[in-house]
Amino acid sequence: MANFIVITRAGPVLHLTINRPDKKNALTQAMYAELADQLDSSDRDPTIRIVTLTGAGDYFSSGNDVHDFDAFIGFDDTTPVVRFIKAIANCRKPIVAIVNGPAIGIGFTLLLHCDLVYAADTVFFNAPFTTLGLCPEAGSSYWLPLLAGYQRAAEILLLAERFDAQMAVELGLVNKVCKATELQSTVDAVLTRLRELPIDGLLTVKRLMKQAHRKSVEQTIQAELQEFAWLLQGEAFAEAFAAFNEKRKPIFHTD
Ligand code: COA
């Protein structure tokens, strides 16, 4: 099987690269399983202090593979996408996201769980759930209104508006935007800084910042998954799926 998640180590840093560039790094259940395994084992491995996440090629990720949504129906805690969402939401180690290209769907919502997010000035973000007859996932209906404010979150989640990296900084979703050619050196400086700091303090700060939200995030993730599974079986998603395959705009019955 192709190496759809590339895993490398540089000292205490675990680098995870989503590597399916011909499909714009769309995520399949097999890829979620690998990401979940890596995040879970990094949590248990004292030699790993920091995790980075990026995409190969010109995309960060185009989100869930549109042909691989079935696993959401009848999901449970063993379903790879559910394992992944919970693993990234609960990861104890600092996660640094390197957004090299557009981040769509869960490729965007997963960023809300990362601790530090750096983006190239060429990228855009999009949560196209309503255009597919679906709803947000990965706790984004909790985190996004909290981080960006309700009205901005509504533009992103209800209207499915695309926004660029500069806007993402203004909304508090991205730490810094830089030229694509400077993205890696920007992140390298951050990784050097993180490596200099004592690990127990880092882990404690992350735990303290996340703990007030943990229960609400868990409840939201569960509620979103149930609604998502229901909507996947609806007429609107069937039309959106057909339209995607036929490379056309969907036509929804709106009366
Ligand atoms: N799932 C499955 N395949 C995807 C994909 C996804 N999320 N995103 C892209 N691909 C595939 C395309 O089907 C195409 O495959 P093909 O070469 O076999 O036809 C290939 O990746 C390249 O994509 P293409 O659409 O030709 O590139 P583009 O630059 O014109 O557009 C996107 C890129 C990402 C904007 C567009 O593909 C898209 O909108 N994808 C769907 C995104 C989405 O809805 N994600 C789910 C969110 S819940």
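This passage walks through the sheet of a predicted model, the helix packed on that sheet, and the surroundings of the bound ligand.

Start with the sheet. Six strands make up an open sheet, and reading across gives the order β1-β2-β3-β4-β6-β9. The pairing is mixed. At the two edges sit β1, covering residues 5-10, and β9, covering 176-178, each of which has a pairing partner on one side only. Going from one strand to the next, the twist averages 20°.

Within this sheet, β2 (residues 13-18) runs parallel to β3 (residues 50-55), and six bridges link the pair. One residue match helps with finding the register on screen: V13 has I50 as its bridge partner in β3. Packed on the sheet is helix α1, residues 29-44, which touches β1, β2, β3 and β4 (95-99). The direction of α1 makes about 170° with that of β2.

Now for the ligand. The protein puts 17 residues around the ligand, and the ones that come nearest are K23, S62, N64, V66 and K247. Three of these are worth a look for their polar atoms. K23 uses its side chain: a polar atom there lies 2.5 Å from an oxygen atom of the ligand. With S62 the backbone is involved instead, with a polar backbone atom 2.9 Å from a ligand nitrogen. V66 likewise offers a polar backbone atom, 2.8 Å from a nitrogen atom of the ligand. As for overall cover, the ligand taken alone exposes 860 Å², and the protein buries 67% of that.

Notes
Residues are numbered from 1 along each chain as its sequence is written. This is a predicted model: local features need pLDDT of at least 70, side-chain atom pairs count only at pLDDT 80 or more; totals for chains, interfaces and linings use all residues. Side-chain values use heavy atoms; hydrogens and water are left out. Two strands pair if DSSP finds at least two bridges between them. Helices (H or I, at least four residues) and strands (E, at least two) are DSSP runs, numbered from the N terminus. Axes are lines fitted to C-alpha atoms, for helices over the stretch in contact, and angles run from 0 to 180 degrees between N-to-C directions. Contact means heavy atoms within 4.5 Å. A residue is near a molecule or strand if one of its heavy atoms lies within 4 Å of it. A polar contact is a pair of N or O atoms within 3.5 Å; within protein, one must be able to donate a hydrogen and the other to accept it, and residues adjacent in sequence count only if both atoms are side-chain atoms. Accessible areas come from the Shrake-Rupley method with a 1.4 Å probe; for residues, only the protein chains shown count as cover.
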